[in-house]
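Please open the model in a viewer and keep the sequence panel visible. The stops below proceed from overall confidence to individual residues.

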Amino acid sequence: MSFIQSLLFLRCPKCRTGKMFQHKPYSFKGITSLNKSCPHCNTSYQLEPSFFYGSMYVSYALGVALAVAVYVLLLLLGLGQYALTSFFIIATAIVVLAPYVYQLSKVVWASFFIKYDPKKSIKN
Ligand SMILES: [Zn+2]
């Protein structure tokens, strides 16, 4: 699995195989159900206390990138000149994608600090 695929599918940065979260973003059983360690390679995700506070910066950057991407799409579709319409479409996109962006930001943050090890991705 490539680096981008492992991010998009919310996989462990170490092995790119195990899932970082127990539940999918839209299951609503537990959006915040981050595993303490990888179910595949047993890498701990808690490198230090409050490690994932930094993922707020990633979440903010992803939110801005999403808003810009939606706005550019609206401009290409010819709807960019209606400010109020653009605002509500962008706000809706951010709200609808919030659970996924929440989990994705934690995976991206962890991948800054946990390096990929191809030996860990081999099935046991
Ligand atoms: Zn793993």
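Colour the chain by pLDDT, the predictor's confidence in each residue on a scale from 0 to 100. The mean over the protein is 92, and 98% of the residues reach 70 or more. This is a predicted model, in which local features need pLDDT of at least 70 and side-chain atom pairs count only at pLDDT 80 or more, while totals for chains, interfaces and linings use all residues. Residues are numbered from 1 along each chain as its sequence is written.

Next, display the secondary structure; helices (H or I, at least four residues) and strands (E, at least two) are DSSP runs, numbered from the N terminus. Among the elements, helix H1 (residues 3-8) has the lowest mean pLDDT, 94, and helix H2 (residues 55-76) the highest, 96.

Select H2. The expected span of a helix is 1.5 Å times one less than its number of residues; for the 22 residues of H2 this gives 32 Å, and the end C-alpha atoms are 31 Å apart, which agrees. Two of the 22 residues are buried, so H2 lies largely in the open. Here a residue is buried if 20 or more other C-beta atoms, placed from the backbone, lie within 10 Å of its own, exposed if 12 or fewer, and partly exposed in between.

Add helix H3 (residues 83-113) to the selection. The axes of H2 and H3 come within 8 Å and cross at roughly 145°; axes are lines fitted to C-alpha atoms over the stretch in contact, with angles from 0 to 180 degrees between N-to-C directions. The residues of this contact divide into 17 nonpolar, five polar and one charged. Nonpolar covers Ala, Val, Leu, Ile, Met, Phe, Trp, Tyr, Cys and Pro, charged covers Asp, Glu, Lys and Arg, and the others, Gly among them, are polar.

Within H2, centre on Val70. Val70 is partly exposed, with 18 other C-beta atoms within 10 Å. Leaving aside neighbours within four places in sequence, Val70 is in contact (C-beta atoms within 7 Å) with Ile89, Ile90 and Ala93. Ala65, also to be selected in H2, is exposed, with 11 such neighbours within 10 Å.

Finally, which residues of the loop between H1 and H2 merit a check of phi? Asn42 has a positive phi near 65°, and Ser50 has a positive phi near 60°. Most residues other than glycine have a negative phi. Asn42 is exposed, with 12 other C-beta atoms within 10 Å, and Ser50 is exposed with 7.

Conventions. Two residues are in contact if their C-beta atoms, placed from the backbone, lie within 7 Å.
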